[in-house]
Amino acid sequence: MKKSGILNRHLAGALAELGHTDGVLVCDAGMPIPDGPRVVDLAFRAGVPSFAEVLDGLLDELVIEGATAARELRGAHRELLERRLPGLAYVPHERLKELSAGARLIVRTGEASPYANVLLRCGVFF
């Protein structure tokens, strides 16, 4: 058994399959999930795991070349995204929902805060 990194086998496998420019939506429990993309639902109960915990874990595992969030995002989550993802782009929440249909992977957290969603675009490590 792995002793560090991402332990969830579904998430670890999905991350290993990602390539350059693939999209990963990290979303709260209330985000509508489009048909099509692979979904790894980590939600256990309201707030568990948190958006911040899942995002931190994913950013430790992935190379990210860009990210998009909802313009409506406020407070601590906005500060977290701007600190961890320089050059973060903002679009209206409705547009983010449209863009999420093109994601290759959706990771649903237990977050219960409005607009705690971000679409990550994978980069390469070389």
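**View 1. Strand β1 runs parallel to strand β5.** This close-up comes from a predicted model. Strand β1 covers residues 23–27, and strand β5 covers residues 105–108. How many bridges join β1 to β5? There are four. To find the pairing in the structure, start at Val24, which stands opposite Leu105 of β5. Along a regular strand, side chains alternate between the two faces of the sheet.

**View 2. Strand β2 also pairs with β5.** Strand β2 spans residues 38–41. The two strands run parallel, and four bridges join them. Which residue of β5 is the bridge partner of Arg38? The partner is Leu105. Leu105 also stands opposite Val24. This β5 residue therefore links the view to the previous one, as the partner of Arg38 and the residue facing Val24, with pairing here taken from bridges that DSSP finds.

**View 3. Gly23 sits in strand β1.** Is Gly23 buried or exposed? Gly23 is buried, because its relative accessible area is 14% and the cut-off for buried is under 20%. Look for its contacts with residues beyond four places away in sequence. Gly23 touches Ala103, Arg104 and Leu105, and also Leu119 and Leu120. Leu105 belongs to the residue range of β5. Leu119 and Leu120 fall within the range of β6, residues 118–122. Ala101 is a further landmark: 78 residues separate Gly23 and Ala101 along the chain, yet their C-alpha atoms are separated by 9.6 Å.

**View 4. Thr21 has a positive phi.** Its phi is near 75°, and Thr21 is not a glycine. Where does Thr21 lie? Thr21 is in the loop between α1, residues 9–16, and β1. The relative accessible area of Thr21 is 45%, so this residue is partly exposed.

**View 5. Tyr115 has a positive phi too.** Here phi is near 65°, again in a residue other than glycine. Tyr115 is placed in the loop between β5 and β6. Strand β6 covers residues 118–122. Tyr115 counts as partly exposed because its relative accessibility is 32%, and partly exposed means between 20% and 50%.

**View 6. A cis peptide bond joins Val48 and Pro49.** What is the omega of this bond? Omega is about -10°. Pro49 lies in the loop between β2 and α2. Helix α2 covers residues 51–61.

**View 7. The protein chain holds four helices and six strands.** This view places the close-ups in the whole predicted model. In sequence order, the pattern is α-β-β-α-β-α-β-α-β-β. The C-alpha trace spans about 40 × 35 × 30 Å along its principal axes. The radius of gyration is 13 Å, which agrees with the value near 14 Å for a compact globule of 126 residues. Buried residues make up 43% of the chain. Consider contacts between residues at least 6 apart in sequence: 81% of them join residues at least 24 apart.

**View 8. The surface and charges of the protein chain.** The accessible surface comes to about 6900 Å². Carbon and sulfur atoms account for 52% of that surface. How many positive and negative side chains does the chain have? There are 15 positive and 16 negative ones. The centres of these two sets lie 2 Å apart.

Methods: Residues numbered from 1 in each chain as written. Predicted model: local features only at pLDDT ≥ 70, side-chain atom pairs only at ≥ 80, totals over all residues. Heavy atoms only, no water. Rg over C-alpha atoms; globule rule 2.2 N^0.38 Å. Buried < 20%, exposed > 50% of the residue type's maximum accessible area, 1.4 Å probe, protein only. Contact = heavy atoms within 4.5 Å. Areas by Shrake-Rupley, 256 points an atom, 1.4 Å probe, with all protein chains shown as cover. Lys, Arg positive; Asp, Glu negative; His and termini not counted. Charge placed at Lys NZ, Arg CZ, Asp CG, Glu CD.
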